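Got the viewer open? Load the model, show it as a cartoon, and keep the selection box handy.

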Amino acid sequence: MRAAPALHRSPVLFCAMLACVCIAACGAPSAPTPPRPLLPRPVTDLAARQQGSSVVLTFTLPKKSDENETLVEPPAIEIFRGERPAGASAELTTQLIYTVPSTQVSTYLQDGTIELHDPLNAASLRGQEVVYMVRTRASTKRASADSNVVSVRALPVPAAPTGLRVAALKESAIELAWTAPQQDSAIGGIAGYRVYRGELAADAPAPPANISDISKLKMTAPPVLLGPAASTSYRDTQFTFDVTYVYVVRSVADEQGQSVESADSAPLVVTPKDIFPPAPPQRLVAVPIRDEQATGNATGAIELSWDINQEPDLEGYWVYRSEQPDTPGQRINTKLLLTPTFRDITAMLGKQYTYRVTAVDRSGNESSFSSPVSAA
């Protein structure tokens with residue numbers, strides 16, 4: 001009888017060969033999977049408003065992908081726009097009008113918010129609906145999903161105010177004033193004004209005397225809205241001395257229920273200086289003090305005190321002494337007093353003195369004299 005094949009006689013060998021076949025099959029190369037392009041999250045807070053002959057678009061730049069991955073660099077921006085005539089109901093199609101490369105995004109970025117200006121011919125587009133949509137792109141292969149869609153109605157633009165100036169500089173406010181623009185028959189009328197303020201950069205060159213364009217100034221940030229003004233004046237009470245501010249004012253018209261801002265007025269550059277002295281010290285009192293020593297010799301001094309000043313920028317006090325009641329005399333302390341008290345130990349026994357005190361602020365402004373007091 002013929003012997004059985006070796007495979008049948010060795011089950012262990014058969015299993016080993018089968019395992020080798022399986023391992024070889026598992027190790028066979030397969031087609032590579034291409035990496036998925038990084039998609040930024042879609043913009044959800046796109047907003048648009050007409051300002052002068054431009055539409056201002058603002059939105060938050062995405063920092064994460066749709067899979068919650070952090071974007072290493074700002075994504076590029078694509079702006080889409082479409083126009084629809086007034087009263088038309090046809091479906092609107094938007095077209096790509098601007099692309100901002102990733103390397104230039106920082107030019108339009110402030111505190112995480114993008115601000116872009118789209119120039120319009122408001123006269124030719126008057127009454128038309130202008131629609132915008134935004135996409136961002138972290139890869140050339142694929143852009144993000146569409147943003148929310150916003151629209152504005154192109155309306156005639158009011159003229160900008162003229163003659164912006166400082167009407168008065170007070171310790172508590174910079175008072176601004178300007179001239180109303182001439183009325184335009186195409187505009188329903190000026191409903192009011194909006195005042196904007198920015199700060200000049202510390203290393204900015206001195207601006208020319210009659211600058212007309214704020215874009216030519218080097219600023220720390222774009223101007224922000226201080227507040228509305230119903231008339232041609234405004235009081236800025238939130239300022240700091242020695243900081244250089246840049247002001248612009250815009251006219252506001254109400255057209256078809258939509259608020260429309262003019263272009264900027266000519267900018268006004270102001271560096272307020274503290275030229276306001278503190279109030280004179282009040283309720284000055286002089287008290288003579290006489291001490292008898294064991295030797296029998298007499299020594300004395302005159303103790304002065306007064307009410308403390310309430311100015312937040314108070315630096316200290318000067319004390320003046322005179323032997324003639326009608327003259328201020330000479331300053332007798334060598335350093336500014338930080339507290340409202342002083343002891344005159346140089347007063348001579350038996351002499352009559354008249355004292356006055358002044359207050360000084362951190363800008364070096366000195367108050368007028370306090371009421372005089374006399375002591376001996």
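Here is a tour that starts with the whole chain and then goes through a sheet, a residue and some salt bridges.

**The whole chain**

Keep in mind that this is a predicted model. Colour by secondary structure and you should find two helices and 23 strands. Now colour by accessibility: of the 376 residues in the chain, 37% are buried. Switch on a surface, and about 22000 Å² is exposed, with carbon and sulfur atoms supplying 54% of that area. If you like contact maps, look at contacts with a separation of 6 or more: 64% of them join residues 24 or more positions apart.

**Stop one: a four-stranded sheet**

Select residues 76-84 and 129-137, which are strands β3 and β7. These two pair in the antiparallel sense over nine bridges. To check one of those rungs, pick Ala 76, whose bridge partner in β7 is Arg 137.

Next, widen the selection to the open sheet, which runs β4-β3-β7-β8 with antiparallel pairing. Which strands sit at the edges? They are β4 (95-100) and β8 (150-153), each pairing on one side only. Look along the sheet and compare neighbouring strands: on average they are turned by 25° against each other, direction ignored.

**Stop two: Val 248**

Jump to residues 245-255, strand β14, and centre on Val 248. Is Val 248 buried or exposed? It counts as buried because its relative accessibility is 1%, against a cut-off of under 20%.

Now show its surroundings, leaving out residues up to four places away in sequence. Val 248 touches Leu 164, Arg 194, Val 195, Tyr 196, Ile 214, Asp 264, Ser 265 and Pro 267. Try a C-alpha to C-alpha distance to Tyr 196: the two residues are 52 apart in sequence, but 5.4 Å apart in space. Leave Arg 194 and Asp 264 on screen, as both belong to that contact list and both come back at the next stop.

**Stop three: a salt-bridge network**

The chain has 16 salt bridges by the rule used here. Select Arg 194, Arg 250, Glu 261 and Asp 264 together, since these four are linked in a network of salt bridges.

Begin with Arg 194 and Glu 261, where the closest N and O atoms are 2.8 Å apart. This pair links distant parts of the chain: Arg 194 is in strand β11 (residues 190-199), Glu 261 is in strand β15 (residues 258-261), and they are 67 residues apart. Their settings can be read off an accessibility colouring: Arg 194 is partly exposed at 26%, whereas Glu 261 is buried at 1%.

Then pick Asp 264 and Arg 250, with closest N and O atoms 2.6 Å apart. Asp 264 lies in the loop between β15 and β16 and Arg 250 in strand β14, so this salt bridge ties together parts that are 14 residues apart in sequence. Here Asp 264 is partly exposed, with 28% relative accessible area, while Arg 250 counts as buried at 8%.

**Last stop: a loop-to-loop pair**

Finish on Asp 242 and Lys 273, a salt bridge with the closest N and O atoms 3.1 Å apart. Where do the two residues lie? Asp 242 is in the loop between β13 (233-236) and β14, and Lys 273 is in the loop between β16 (268-270) and β17 (285-292), 31 residues apart. Asp 242 is partly exposed at 47%, and Lys 273 is partly exposed at 45%.

Technical notes:
Residues numbered from 1 in each chain as written. Predicted model: local features only at pLDDT ≥ 70, side-chain atom pairs only at ≥ 80, totals over all residues. Heavy atoms only, no water. Buried < 20%, exposed > 50% of the residue type's maximum accessible area, 1.4 Å probe, protein only. Contact = heavy atoms within 4.5 Å. Areas by Shrake-Rupley, 256 points an atom, 1.4 Å probe, with all protein chains shown as cover. Pairing = 2+ DSSP bridges. Axes fitted to C-alpha atoms, helices over the stretch in contact; angles between N-to-C directions. Salt bridge = Lys/Arg side-chain N within 4 Å of Asp/Glu carboxyl O.
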